[in-house]
Every structure is written in C-alpha cells, then in structure tokens.
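Reader: I'd love a close look at one part of this model. Could you walk me through a pair of packed helices?

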Amino acid sequence: MRTLVLGRTDRSTGRFAAMAAGLALAWGCGGAAAPRDRGATADGPREVQVVAAREEALMRSITVSGTLAAEEQVVLSFKVPGRLEALLVDLGSSVAAGQPLARLALADFALRVSQAEAALQQARVRLGLDPLGASDAVDAERTAVVREARAVLDEAQLRRNRVATFVEREISSRAELDSAEAALKVADSRYHDALDEVRSRQAVLEQRRVELAIARQQQEDATLEAPFAGMIRERTAALGQFLAAGTPVTTLVRIDPLRLRLEVPEREAARVRAGQAVRVHVEGDDTEHPGRVARLSPAITEDSRTLLVEVEVANRTGRLRPGAFATGEIVIDRDDPAIIIPASAIVTFAGIDKVVTIDDGKAVERRVDLGRREGDRVEVVEGLRAGERVIVEPGNLVSGDAVTVR
C-alpha cells in the first residue's frame with residue numbers, strides 16, 4: 001500500500017513539472033521574439049481620420065448663474081373699508097390690466113352717493129340755483145339775501161337824505177339826522193354781510209360737490225382692479241370677510257418680462273454693457289430664452305467683489321416662473337477669432353486635455369488648454385496652431401503608435 005501511494009505521488013509531481021517547463025518555454029519564446037511595433041496591427045499601421053485646426057469667429061460670453069424675479073409684484077388691497085362680496089380670481093389666474101379682481105358690497109356706497117347728491121342740491125337751492133342744474137355761476141346781487149339787504153340799505157340812504165334836508169330847513173332836529181346816519185351804517189353793514197353770506201354759500205356748494213365726488217370715488221374704489229397685466233400669486237381674503245382699508249386681498253406679479261439678477265465677477269465686470277444680448281437657460285428646460293442686459297449697478301459689491309446686473313427676459317408664453325434658478329450667458333463679442341477643432345478630437349484623462357497629431361507616420365500626443373465650447377466646436381487657447389492636423393476620435397492611440405491617414 002505504501003509503495004502504491006508513493007507511485008501516484010511521483011506521477012503527479014511529474015505532470016506538474018512538465019506543465020511548468022511548458023510555461024517556461026512559452027515565456028522564453030515570447031521573450032526571444034522580436035518586439036512588434038505598437039502602432040502596427042496584424043495588417044499594418046492604424047488608419048486614422050484627421051482634420052486641420054481652423055481659425056474661426058466664435059462667440060465670447062460670460063456665464064453667470066442667478067435667479068429670475070418678477071418685473072413687478074404688488075400686494076393689492078381696497079382703499080375703503082367694506083364687506084367682500086365677490087372675489088373674481090384665484091391662485092394662478094391670468095389677468096389683464098384694468099380687469100376687476102374683487103368687489104365690496106355696494107349698497108352702503110350707493111347710499112353715500114345719494115346723500116351727497118341731496119346735500120349738493122340743497123346748497124344750490126340756497127343760492128337760488130336750479131337743484132338739478134349743471135352750472136354753479138351765481139350773481140350775488142340777484143340772490144334773495146342780498147336783494148333784501150340792498151333794499152334796506154337803499155331805504156336807509158333815502159331816509160338819511162330826507163332828514164338831512166329837513167335839518168337844513170330847520171324842520172327836523174340834529175338828533176334825528178344822527179339816528180338816520182346810524183341806521184344807514186347798519187344797513188350798509190348788513191348789505192356787505194349778505195354778500196359774504198352768498199360767498200359762504202358758494203363755498204358750501206363747492207364743498208358739497210367735492211363730497212359728492214368723494215362718495216362716487218369710494219363707490220368706484222369698492223371694485224379692485226388689476227393695475228397691470230400679470231398672474232395672481234396669492235389670495236389672502238375670503239368672501240364675506242369685512243376688510244379694513246389697506247387689508248391685503250391678493251398678490252399680483254408681472255411675468256412678462258422677467259428680471260434675471262446676475263452677479264458678475266469683478267474681473268469680468270468691465271466688459272459688461274447695457275444692451276448686450278444674453279442667452280438664458282433654466283434648470284429642467286432645454287429651450288434657450290433670449291434676453292438683454294437692462295440695468296447695471298453703479299458700484300461693486302465689496303463683500304463678494306461682484307457687479308449686480310439685471311437682465312430683461314421676454315416671457316410672453318408664461319413658460320418661465322419667477323424665483324427659478326437660471327444661467328445667463330452674456331455675449332461679450334459675437335465674432336471673436338479663435339483656433340477651433342471638433343470636440344471628437346479631444347482626449348481627456350485625469351483632468352488633462354490632449355489632442356493627437358501625426359509626425360512622420362507616428363502619433364504624437366499634445367497637451368492643450370481649452371476655452372469656449374459652441375456645439376461640437378471647441379476653442380484651443382494654447383497648444384495648437386491654425387492649420388495643424390489632429391486625429392479625429394483617436395481612441396487609445398498614444399505617442400509612437402504607427403498611423404496612416406485614411
């Protein structure tokens with residue numbers, strides 16, 4: 001039994017030794033073989049497609065992120081107190097300028113108008129005018145109070161003259177003349193007082209007319225109208241609620257156009273001008289929205305070293321919403337010369353951008369600094385000159401690989 005076990009062990013050991021020898025022979029043959037050119041395949045050098053770097057006009061822009069804000073936002077309320085009778089809009093309602101939004105109960109306001117109209121008619125009657133007439137022109141001498149005072153004055157004047165004649169003829173005493181002159185002075189005073197009374201009544205008439213205008217204005221103010229076109233952002237009142245003057249009813253925002261507030265870094269601020277075009281992109285929306293620089297802050301913000309810029313963005317369809325995060329590309333120059341290559345010619349590894357060129361049938365890697373991107377076009381800031389050829393879709397090519405142009 002022991003001899004048999006040893007025999008099996010010897011045979012296994014022999015097989016393992018033979019396998020090891022075979023592996024060593026294979027490695028030895030591989031090491032002895034002539035090295036193969038890395039660029040060569042079984043059929044020869046790798047075929048590649050090349051394109052020449054071109055100098056083209058490329059748009060230069062500054063990309064900054066910001067928040068969309070409403071052009072205008074206002075909390076609307078009634079100027080007069082009253083009970084809310086109708087609320088004609090709700091959250092998200094689109095309204096036009098001048099459109100009624102809410103209305104107070106009108107009965108009280110109608111009564112105030114009637115009261116003011118009656119007071120006005122009374123004031124007109126006291127001046128001798130038609131109560132329903134339109135003209136307020138008054139001839140003071142033709143009013144009843146002035147005519148009466150004028151008649152008394154004329155009578156006093158005649159009596160004084162008669163007494164003066166009698167005194168000259170020594171028919172009446174000097175005391176009667178003094179009494180007549182005193183009566184004349186009293187009558188003259190009452191006449192002027194009557195003129196003042198007419199002027200006072202004219203002032204009252206004007207006051208009553210103003211009171212009527214106020215009552216009518218309050219009746220109009222009982223209907224809340226939209227000051228501009230926009231959308232309802234919030235509703236804060238309920239039907240039947242008694243509202244004091246100034247109580248918020250609803251919040252209205254103007255959504256066309258919108259304002260995009262951007263904070264441009266100080267190093268780029270000098271190149272930003274009012275009127276420059278801006279390409280606006282909103283998170284979750286692939287559409288590019290056009291805008292323009294509308295306003296610039298006159299000063300740099302010291303804490304952040306940025307310049308506040310407001311961009312006006314058209315929003316006729318209401319697709320954009322105030323408060324949304326957005327990115328704005330401020331177009332500094334539409335025709336800035338640049339060295340352009342296709343994006344497919346760029347290889348990025350470990351954060352380093354490279355292109356592959358050809359020199360004497362061999363691939364040559366060259367590190368480049370990239371700039372702006374516009375679709376499939378990429379700007380090369382440094383590392384490549386116009387006219388130099390680069391390999392399109394170089395894949396895993398490295399320097400030294402043999403290549404041939406397709």
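Reader: How are α2 and α4 oriented to each other, roughly parallel or roughly antiparallel?

Author: Happy to take you there, with the reminder that this is a predicted model. Two packed helices are described by the angle between their axes and the distance between the axes. Here, helix α2 covers residues 107–126 and helix α4 covers residues 174–221; their axes come within 8 Å and cross at roughly 165°. Angles over 145 degrees count as roughly antiparallel, and α2 and α4 are therefore roughly antiparallel to each other. Their crossing is left-handed.

Now for the residues that meet. From α2 the contact includes Phe109, Val113, Ala116, Leu120 and Ala123, while α4 brings, among them, Val204, Leu205, Leu212 and Ala215. Charged side chains take part as well, including Arg112 and Glu117 in α2 and Arg208 and Glu211 in α4. By class, this contact has 11 nonpolar, 2 polar and 10 charged residues.

Val113 is a good place to zoom in. This residue lies in helix α2 and is buried, with a relative accessible area of 8%. Leaving aside residues up to four places away in sequence, Val113 touches Leu212, Ala215, Arg216 and Gln219. Take Gln219: Val113 and Gln219 are 106 residues apart in sequence, yet C-alpha to C-alpha they are 7.9 Å apart in space.

Helix α4 has another role to look at, next to α3. The buried residues of α3 are Val146, Ala149, Leu153, Ala156, Val163, Ala164 and Val167, and what covers them includes α4.

Methods
Residues numbered from 1 in each chain as written. Predicted model: local features only at pLDDT ≥ 70, side-chain atom pairs only at ≥ 80, totals over all residues. Heavy atoms only, no water. Axes fitted to C-alpha atoms, helices over the stretch in contact; angles between N-to-C directions. Helix = DSSP H or I, 4+ residues; strand = E, 2+ residues; numbered from the N terminus. Parallel < 35°, antiparallel > 145°, perpendicular 65-115°, else oblique. Left-handed = near helix turned anticlockwise from the far one by under 90°. Contact = heavy atoms within 4.5 Å. Nonpolar A, V, L, I, M, F, W, Y, C, P; charged D, E, K, R; others polar. Buried < 20%, exposed > 50% of the residue type's maximum accessible area, 1.4 Å probe, protein only.
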